[in-house]
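Okay, thanks everyone, let's get going. I'll put the structure up and walk you through some helix packing, a pocket and a couple of backbone oddities.

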Amino acid sequence: MDRIERFRIFARVVECTSFTRAADQLGLPRSTVSAAVAELEQRLGTRLLQRSTRRVSTTHDGDTFYVRCLRLIAEMEDAESLFRQDDAQPKGLLKIDVPSRIGRRIIAPALPDFFARHPEVELDLGMTDRAVNLIEDGCDAVLRVGQLGDSSLVARTLGQLDFVNVAAPAYLHEHGVPQHPADLQQHRAVNYASPTTARVEPWEWQEGAQLRTLPMTGWVRVNSAEASIACCVAGLGLLQIPRYDVQAELHSGALVEVMPQHVAQPLPVTLLLPHRQHRAQRVQVFLDWLEPLLRERLQLQG
């Protein structure tokens, strides 16, 4: 048994949390699966799995090695398929992480179209609003909205999300319609706190070439777009949010746009990719499918 085959066996045991189920799926004797993992542990000089009568779980070293295994297996499969003329259909597991609202509203509903085109690809789709470490989490690509810090990753900017200021008609009826940022002192906002830093974002607007900010008082502070929209529709204050997020509410009249001349800076939408000279075919076809979908549905500005 070669080394990459042991990697595949170890990865399947981790995913099945069982030597027996992994052996059944691989069509191998349980003793062969157990021996392959034991040989890996001996070679690495560390315990990768915790065994119990009910299930198998990874140790800390096992977690780290599992992520590396997936990458090495993928690289090997890609290398093997480079010269196969009969292997035109991309296949294998693809791991992507995207902001939760974009994932739920845009990507997930469109996935049947992707799988109709590429039925041999499997997708591990993470939907989070936290910062994901692309390398440590073993992701093939990560979609991010907002300014990025310094990174050695490949960053592909897809466009920018325009912001809008909104409020519920009931709130405006009770508290008046702000016409200018100077009016904000008499209003409350639905405040958004970053799920990563817990920092409350101030109200923001452009004044000529200068960016202005103002901390706003509010009855409520939330850490997700879904919650902020629900609170705004309930009449709990003004809200700044990407326009695509509230298109339906604006169309139905549940929310109304205010101060259209004083909006926040647009946010960049970026795909982060690892440095790979030869990107896996399954990754490339997914990106080729994803980019036009996002440009259209998010109404991205260039």
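So, α1 and α2 are oblique to each other, and the reason is the angle: anything from 65 to 115 degrees would be called roughly perpendicular, but these axes cross at roughly 125 degrees, so the pair counts as oblique. Before I go on, keep in mind that this is a predicted model. Helix α1 covers residues 3–16 and α2 covers 19–26, and their axes come within 8 Å. The crossing is right-handed.

Who's actually touching whom here? On the α1 side you've got I9, R12, V13 and C16, and they meet F19, R21, A22, Q25 and L26 of α2. By class, that contact has 6 nonpolar residues, 1 polar and 2 charged.

Now look at the loop between α1 and α2, where T17 sits. What's the phi of T17? About 55 degrees, so to speak on the positive side, although T17 is not a glycine. As a reminder, most residues other than glycine have a negative phi. There's another one further along: M259 has a positive phi of about 45 degrees, and M259 isn't a glycine either. You'll find M259 in the loop between β13, residues 256–257, and β14, residues 267–273.

Back to α2, which also packs on α3, residues 30–44. The axes of α2 and α3 come within 8 Å and cross at roughly 110 degrees. That makes α2 roughly perpendicular to α3. The crossing of α2 and α3 is right-handed. From α2 it's F19, T20 and A23, meeting R30, V33, S34 and V37 in α3. That contact splits into 4 nonpolar, 2 polar and 1 charged. And notice F19: it's in the α2 contact with α1, and F19 also turns up in the contact with α3.

Next helix pair: α5, residues 100–117, and α9, residues 281–297. Their axes come within 11 Å and cross at roughly 135 degrees. α5 and α9 are therefore oblique to each other. This crossing is right-handed. The contact involves I102, R105, I106, I107, A110, L111, D113, F114 and R117 from α5, and from α9 it's V285, F286, W289, L290, L293, L294 and R297. Class-wise, that's 12 nonpolar, no polar and 4 charged.

While we're around α5, have a look at L125, over in strand β4. Leaving aside residues up to four places away in sequence, which residues does L125 touch? I96, V98, I107 and L111. Two of those names, I107 and L111, belong to α5 and are part of its contact with α9. There's also A108: L125 and A108 are 17 residues apart in sequence, and their C-alphas are 8.9 Å apart in space.

Last stop, the second largest pocket, with a volume of about 580 Å³. It's lined by 21 residues, and the closest to its centre are E15, L70, I73, E77 and L93. Where does the lining come from? α1, α4 (60–81), β3 (92–98) and β4 (121–127) each supply at least two residues. Of these, α4 gives the most, with 6 residues. What's the make-up of that lining by class? There are 8 nonpolar, 2 polar and 11 charged residues.

To tie it together, α1 is a good place to start when you browse the model: α1 meets α2 through residues such as I9 and V13, and α1 also supplies at least two residues of the pocket lining. Okay, that's me done, happy to take questions.

Key. Residues numbered from 1 in each chain as written. Predicted model: local features only at pLDDT ≥ 70, side-chain atom pairs only at ≥ 80, totals over all residues. Heavy atoms only, no water. Axes fitted to C-alpha atoms, helices over the stretch in contact; angles between N-to-C directions. Helix = DSSP H or I, 4+ residues; strand = E, 2+ residues; numbered from the N terminus. Parallel < 35°, antiparallel > 145°, perpendicular 65-115°, else oblique. Left-handed = near helix turned anticlockwise from the far one by under 90°. Contact = heavy atoms within 4.5 Å. Nonpolar A, V, L, I, M, F, W, Y, C, P; charged D, E, K, R; others polar. 1 Å grid on protein atoms, 1.4 Å probe; cavity = no way out; pocket = protein on both sides within 12 Å on 5 of 7 lines; lining within 4 Å. Points joined across faces, edges and corners; volume = space filled by probe spheres on them.
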